[in-house]
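Here are some short exercises to work through with the model open beside you. Try each task before you read its solution.

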Amino acid sequence: LVQNDPNNEYFYFRWAYFLVRGNEIGKAIKVYDTLEKRSGISEEIVRRKHTLYLGDGNNKKAAKELQRLIDAYPDEVDYYHLLAGFYEQIGEQNAANEVYKKILTIDSNDVKANIAAAAFNKGDSDMTYLYSLKQVFAQSDVDIDIKIKELFPYVNKVADSGNKDLAMAALELSTILEEVHPNEAKAFSVSGDLLYYSDRKKEALQKYEKTIQLDDNVYLVWEQIMYIYTGEGDFEKLETVTE
């Protein structure tokens, strides 16, 4: 079919598909090479070859395919993210970091690259890492869930250790969340947790009450409020809240 209709890409993809099914990986890659010579480099062909090299355990050539895509489309940031993500997947963090640095030269506000660069450079200092996230947290166009994903492990650390210095550093970020996302209950909930686990229960209560005002369907926040009233022995308010 390919010989009869060499311009029909579908036949090449089917040919390669059956070669893969027949465990002829090298021949399948050659088919994609032939197609690429006719039609030029494309994301679909590169992704397929990348997958085949990866499945064959050849990480070097798998990475090279993604690099070829970058070389062909040097302004397409998504392709850099593909390569960086692949390096992270195979445990080559240094190589991933170099790609993230390149991304930042193209788009200095790229959220994922900024977070990845900050994480790579933090060393053993949680404080340094949290401080480095301020710029990202201050961006209103960055989804709050991305920010909370980075912050939440430190809420757990504060809960486990009661480290008030760490809590203060994390609170700086949650306060920025409140300012940048004033209508998001999650922002105030995170602040409430940090205050609660650093033994600042009354301040935590204010944050939790604000959370409930914005979203009264989060049971865990109601539960934290109950714990605070129970600890204070304020059973009248506890009864009202539980009702």
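For the first exercise, count Ala, Val, Leu, Ile, Met, Phe, Trp, Tyr, Cys and Pro as nonpolar, Asp, Glu, Lys and Arg as charged, and the others, Gly among them, as polar. Keep in mind that this is a predicted model.

**Exercise 1.** Describe the second largest pocket and sort its lining by class.

Solution. Start with the volume, about 260 Å³. Next, look at the lining: 12 residues form it, and Lys-112, Ile-115, Ala-116, Lys-149 and Glu-150 lie nearest the centre. Then turn to the helices: α6 (93–106), α7 (111–121) and α10 each supply at least two lining residues, and α7 gives the most, with six. Finally, the classes come to seven nonpolar, one polar and four charged residues.

**Exercise 2.** Do the same for the largest pocket, and find which residues lie nearest its centre.

Solution. This pocket has a volume of about 330 Å³. Its lining holds 19 residues, with Phe-152, Ser-189, Asp-193, Leu-220 and Val-221 nearest the centre. Two or more lining residues come from each of α10 (144–161), α12 (185–197), α13 (201–214) and α14 (219–232). Sorted by class, there are 11 nonpolar, four polar and four charged residues.

**Exercise 3.** Classify the ring pair of Phe-13 and Tyr-32.

Solution. The model has seven aromatic pairs. In this one, the ring centres are 6.0 Å apart and the planes meet at 50°, so the pair is tilted. Phe-13 belongs to helix α1 and Tyr-32 to helix α2, so the pair ties together parts 19 residues apart in sequence. Both Phe-13 and Tyr-32 are buried.

Key. Residues numbered from 1 in each chain as written. Predicted model: local features only at pLDDT ≥ 70, side-chain atom pairs only at ≥ 80, totals over all residues. Heavy atoms only, no water. 1 Å grid on protein atoms, 1.4 Å probe; cavity = no way out; pocket = protein on both sides within 12 Å on 5 of 7 lines; lining within 4 Å. Points joined across faces, edges and corners; volume = space filled by probe spheres on them. Helix = DSSP H or I, 4+ residues; strand = E, 2+ residues; numbered from the N terminus. Phe/Tyr/Trp six-rings, centres within 6.5 Å; stacked < 30°, edge-to-face > 60°. Buried < 20%, exposed > 50% of the residue type's maximum accessible area, 1.4 Å probe, protein only.
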